[in-house]
Amino acid sequence: MFPARKLPGGCRAIRPHHLLHSSVPRASPNLAFVPSCLPPHPTQVEEMQRFISNSKKLFVMTGAGISTESGIPDYRSEGVGLYARSDRRPIQHTEFVRSASARQRYWARNFVGWPQFSSHQPNVAHLVLRHWEELGKLHWLVTQNVDALHTKAGSQRVTELHGCTHRVFCLTCGDQTSRSELQEHFEALNPTWTAEALDVNPDGDVFLTDEQVRSFQVPSCRKCGGILKPDVTFFGDTVSREKVDFVHQRLAESDSMLVAGSSMQVYSGYRFALAAREKQLPIAVLNIGPTRLDHFASLKLNSRCGELLPLIVAH
């Protein structure tokens, strides 16, 4: 038996014991970057329960809103997202490729923020989705996040749509290395360089002044001397056709779609919701605030992923 507890209104929340005793380190929810919202009403829980119970091969797409409870800020959340808190914007793909000074600034900021960013752990929402995969309920998971939290949680049927900051590759020869290994190269090249991390941005970098960045040394590819880039899709870049086709195939095999923690403002993810609508698949959206899917989703719930998903029983 799974332990249960009473919710207001008489709804019973089921909490699988393996989520309570997972081997994955899991801290209490960090709500600093989570917009305020009311707890899920029992009626909402029942609606989501019905949706999941009716799904046999669930296609899930997650966004930054599933990771905010792990302490990672997002871009667009009202009042707490990066766009609401500052006028800073993420680096553009063409800027990174064309400008050595832009790469120096990016890598210096990323170097400072990496220890904190890479230490973030999955929250209960990531663990619930992993459990649904183990049960055969979740057919495929596509994440727009680059934080590797689904992988840390143990998910295997997952596509990182925009890549992952934990990998680095050479733009010339394609050689891949781990971001943690690159951190050691940075440290060897910059033994006396220091800067303090005050705020970590959604993609793991921090704000530094031009003066702080000026003396930072950036390594080249050890194999060919080419430019090293994180294995992520920067703003202004596109997701590969092979990856897009692969995700469309997984969607074609599915019978329903759940969007968790995403406003779906970026077309690279939104296109799959359009495809699901064209296939007349039922679509549920779990996100704090409005999304591009609200006018055609079968179900829209305005709740925290980590608060509502653990209340759902997957058979």
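**Close-up views of salt bridges and nonpolar cores**

The structure holds 11 salt bridges, and the model from which they were computed is a predicted one.

**View 1. The salt bridge between glutamate 134 and arginine 130 within helix α6.** Glutamate 134 pairs with arginine 130 in a salt bridge whose closest N and O atoms are 3.5 Å apart. Both residues belong to helix α6, which spans residues 124–135, and they are separated by 4 residues, about one turn of the helix. The two partners sit in unlike surroundings: glutamate 134 is exposed, having a relative accessible area of 53%, whereas arginine 130 is buried, with a value of 11%.

**View 2. The salt bridge between arginine 167 and glutamate 160.** The side chains of these two residues, arginine 167 and glutamate 160, meet at a distance of 3.0 Å from N to O. Arginine 167 counts as partly exposed, at 27% relative accessibility, while glutamate 160 has a relative accessible area of 15% and is therefore buried, since the cut-off for that class is under 20%.

**View 3. The salt bridge between lysine 300 and aspartate 294, and a network formed by other residues.** In the pair shown here, lysine 300 forms a salt bridge with aspartate 294, and the closest N and O atoms are 3.6 Å apart. Lysine 300 is partly exposed, with 28% relative accessibility, and aspartate 294 is likewise partly exposed, with a relative accessible area of 30%. Glu69, Arg304 and Glu307 are joined into one network by salt bridges that share partners.

**View 4. The largest nonpolar core and the elements that contribute to it.** This core comprises 27 residues, of which Met48, Leu129, Trp132, Leu258 and Leu309 touch the most other members. Two or more residues are given to the core by each of the helices α2 (42–54), α6 and α12 (305–308), and also by each of the strands β3 (58–62), β4 (138–143), β9 (256–260), β10 (283–286) and β11 (299–301). The largest share, 5 residues, comes from α6, the helix that also carries the salt bridge partners glutamate 134 and arginine 130.

**View 5. The surroundings of methionine 48, and a second core.** When its neighbours within four places in sequence are left aside, methionine 48 is in contact with Leu258, Ala284, Leu286, Leu299, Leu301, Leu308 and Ile312. Apart from the largest nonpolar core lies another core, made up of 23 residues, among them Leu161, Val247, Val259 and Ile283.

Definitions and conventions
Residues numbered from 1 in each chain as written. Predicted model: local features only at pLDDT ≥ 70, side-chain atom pairs only at ≥ 80, totals over all residues. Heavy atoms only, no water. Salt bridge = Lys/Arg side-chain N within 4 Å of Asp/Glu carboxyl O. Buried < 20%, exposed > 50% of the residue type's maximum accessible area, 1.4 Å probe, protein only. Core = buried A, V, L, I, M, F, W, Y, C linked by side-chain atoms within 4.5 Å. Contact = heavy atoms within 4.5 Å.
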